[in-house]
Structure formats: C-alpha cells, structure tokens
Amino acid sequence: MVDQSKSASGGPMELQAAILLALQDYVRRSVISTNHVMKRVRELCPDCTLEDQVLARLIQEAAMLLGLVPVFDPSLGQIR
C-alpha cells in the first residue's frame with residue numbers, strides 16, 4: 001500500500017486540497033474526466049509521486065462524495 005502521507009511536498013492535505021480545487025467548478029451530477037482532473041492535480045502538486053491508478057482512485061472517491069460521476073479512460077495512457 002502506498003504511504004499517502006509522503007505523496008506530495010506538503011503532505012496529504014496539499015494533495016486533498018488540490019483534488020478539491022480541481023473539482024470545485026463542476027455541477028452536481030456532472031460527468032467528469034478523471035484523466036483531466038489528474039492532469040490538473042499534477043500541475044497543482046508537481047511533487048506528487050502517487051501512481052496514476054492510486055491518484056485516479058482518490059479523485060474518483062472525492063468526485064463521488066461531491067455528487068459527480070467520474071469517468072476514467074485508460075486508453076489515454078500516461079498523462080504526465
């Protein structure tokens with residue numbers, strides 16, 4: 001299991017804030033691209049070392065809690 005406390009330069013709170021910031025403009029029940037949000041989060045937290053699958057899972061969980069519908073497209077490949 002990945003130690004999320006060391007995933008970003010400022011720790012898990014910085015990563016959490018970046019995810020929420022990237023999701024803030026979406027309207028409830030909107031379908032969102034997890035890939036697009038991942039790209040934005042990586043821009044906000046360039047020191048994030050989480051693997052794409054782990055980061056995608058965190059984004060999807062946050063999106064669902066906010067009433068959004070996350071969609072991930074694995075065919076887009078590496079997004080870094």
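Which residues does Thr34 touch, not counting residues up to four places away in sequence? In this predicted model, the contacts of Thr34 are Ala56, Ile59, Gln60, Pro70, Val71 and Phe72. Thr34 belongs to helix α2, which covers residues 34–44. With a relative accessibility of 0%, Thr34 counts as buried, because buried means under 20%.

**Salt bridges**

Side chains of opposite charge can pair when their charged atoms come close. The count of salt bridges comes to two. They are listed here with the N to O distance of each pair.

| Salt bridge | Closest N and O atoms |
|---|---|
| Arg40 and Glu43 | 3.6 Å |
| Asp52 and Arg42 | 2.9 Å |

Both Arg40 and Glu43 lie in helix α2, three residues apart, which is about one turn of the helix. Is Arg40 buried or partly exposed? Arg40 has a relative accessibility of 35% and so counts as partly exposed. Its partner Glu43 has a relative accessible area of 49% and is also partly exposed. The upper limit of that class matters for Glu43, because a residue counts as exposed over 50%.

The other salt bridge joins the side chains of Asp52 and Arg42. This pair links distant parts of the chain, with Asp52 in helix α3 (residues 52–65) and Arg42 in helix α2, 10 residues apart. Asp52 counts as buried because its relative accessibility is 16%. Arg42, at 12% relative accessibility, is buried too.

**Cysteines**

A disulfide is a covalent bond between the sulfur atoms of two cysteines. How many disulfides does the structure hold? The number of disulfides is zero. For Cys45, the closest cysteine sulfur is that of Cys48, and the separation of 6.3 Å is too far for a bond. Seen from Cys48, the closest cysteine sulfur is in Cys45, again 6.3 Å away and too far for a bond. The pair is not a disulfide because the sulfur atoms would have to lie within 2.5 Å.

Are these cysteines buried or exposed? Cys45 has a relative accessibility of 2% and therefore counts as buried. Cys48 has a relative accessibility of 6%, so Cys48 counts as buried as well.

How values were computed
Residues are numbered from 1 along each chain as its sequence is written. This is a predicted model: local features need pLDDT of at least 70, side-chain atom pairs count only at pLDDT 80 or more; totals for chains, interfaces and linings use all residues. Side-chain values use heavy atoms; hydrogens and water are left out. Helices (H or I, at least four residues) and strands (E, at least two) are DSSP runs, numbered from the N terminus. Buried means under 20% relative accessible area, exposed over 50%, partly exposed in between (1.4 Å probe, protein chains only). Contact means heavy atoms within 4.5 Å. A salt bridge is a side-chain nitrogen of Lys or Arg within 4 Å of a carboxyl oxygen of Asp or Glu.
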